[in-house]
Amino acid sequence: MGETLAFPEASSAPRPNQDLPEDVLKDYEEASAIVGQSPRGAAALLRLAIQKLCIHLGQAGKNINNDIGALVKAGLDPRVQKALDVVRVVGNNAVHPGEIDVDDLETAQTLFRLVNLIADKMITEPKHLDDVYNDLPAGVREAIERRDGKVPPAAKG
């Protein structure tokens, strides 16, 4: 019997942001595995990934449009909002007939980059800033928090 050796296709998707939550990362990696055969399927999975990412950002996860709106009301950077909406709209059009064609690899690759940008701005950068801030001496952090009204002033005795 002839044996055939199959090699997995190398993905053209960018590597995922290392701070993506595990369930979001799973969808990202699945999208990465199929993007060459199905850019449309990858776009749909990335849309699902940002819906799950919205849950990690404190939203309900039932309606991605409402979740993005709530994040905007809470002060979301308008550039991140645009990235979320692009992935949402393009991903929706991947599974519903619409005006946007998602059958090309370039569009799908753009969505991967946007998911990474969203994770960078909403998870990685705040995590890095928290780490740097928390490296300050405790007394300095307390003085900053008192200045900002986050800690009540010490009682005078």
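Visitor: Are Y28 and F112 buried or exposed?

Guide: In this predicted model, Y28 and F112 are both buried. Burial is judged from relative accessible area, and a residue counts as buried when that value is under 20%. Of the 157 residues in the protein, 32% are buried.

Visitor: Before going on, how many helices and strands should I look for in the protein?

Guide: You should find 6 helices and 0 strands, and the pattern read along the sequence is α-α-α-α-α-α.

Visitor: What is the mean pLDDT of the protein?

Guide: As a general caution, predicted coordinates should not be read in detail where pLDDT is low. Here the mean pLDDT is 89, and 89% of the residues reach 70 or more. Among the elements, helix 1 (residues 22-34) has the highest mean, 97, while helix 4 (residues 78-95) has the lowest, 92.

Visitor: How many aromatic pairs does the structure hold?

Guide: The structure holds 1 aromatic pair. The ring centres of Y28 and F112 lie 5.1 Å apart and their planes meet at 75°, so this pair is edge-to-face, given that planes over 60 degrees apart are classed in that way. Because Y28 belongs to helix 1 and F112 to helix 5 (residues 105-134), the pair ties together parts that are 84 residues apart in sequence.

Visitor: Which residues touch the most other members of the largest nonpolar core?

Guide: They are L46, L84 and F112, in a core of 33 residues. Helix 1, helix 2 (39-56), helix 3 (64-73), helix 4 and helix 5 are the elements that each give two or more residues to this core.

Visitor: With which residues is F112 in contact, leaving aside its neighbours within four places in sequence?

Guide: With those neighbours set aside, the contacts of F112 include Y28, its partner in the aromatic pair, and L46, another of the core residues just named. The list also holds A13, P14, A31, S32, V35 and A42. For the protein as a whole, 57% of the contacts with a separation of 6 or more are between residues 24 or more positions apart.

Visitor: Where is N17 found, and what joins its side chain to that of T124?

Guide: N17 is found in the segment before helix 1, and a polar contact of 3.1 Å joins its side chain to that of T124. N17 has a relative accessible area of 10%, so this residue is buried. Not counting residues up to four places away in sequence, N17 touches N116, A119 and D120 as well as T124.

How values were computed. Residues are numbered from 1 along each chain as its sequence is written. This is a predicted model: local features need pLDDT of at least 70, side-chain atom pairs count only at pLDDT 80 or more; totals for chains, interfaces and linings use all residues. Side-chain values use heavy atoms; hydrogens and water are left out. pLDDT is the predictor's confidence in each residue, from 0 to 100. Helices (H or I, at least four residues) and strands (E, at least two) are DSSP runs, numbered from the N terminus. Rings of Phe, Tyr and Trp (its six-membered ring) pair if their centres lie within 6.5 Å; planes under 30 degrees apart count as stacked, over 60 as edge-to-face and the rest as tilted. Buried means under 20% relative accessible area, exposed over 50%, partly exposed in between (1.4 Å probe, protein chains only). A nonpolar core is a set of buried Ala, Val, Leu, Ile, Met, Phe, Trp, Tyr and Cys residues joined through side-chain atoms within 4.5 Å. Contact means heavy atoms within 4.5 Å. A polar contact is a pair of N or O atoms within 3.5 Å; within protein, one must be able to donate a hydrogen and the other to accept it, and residues adjacent in sequence count only if both atoms are side-chain atoms.
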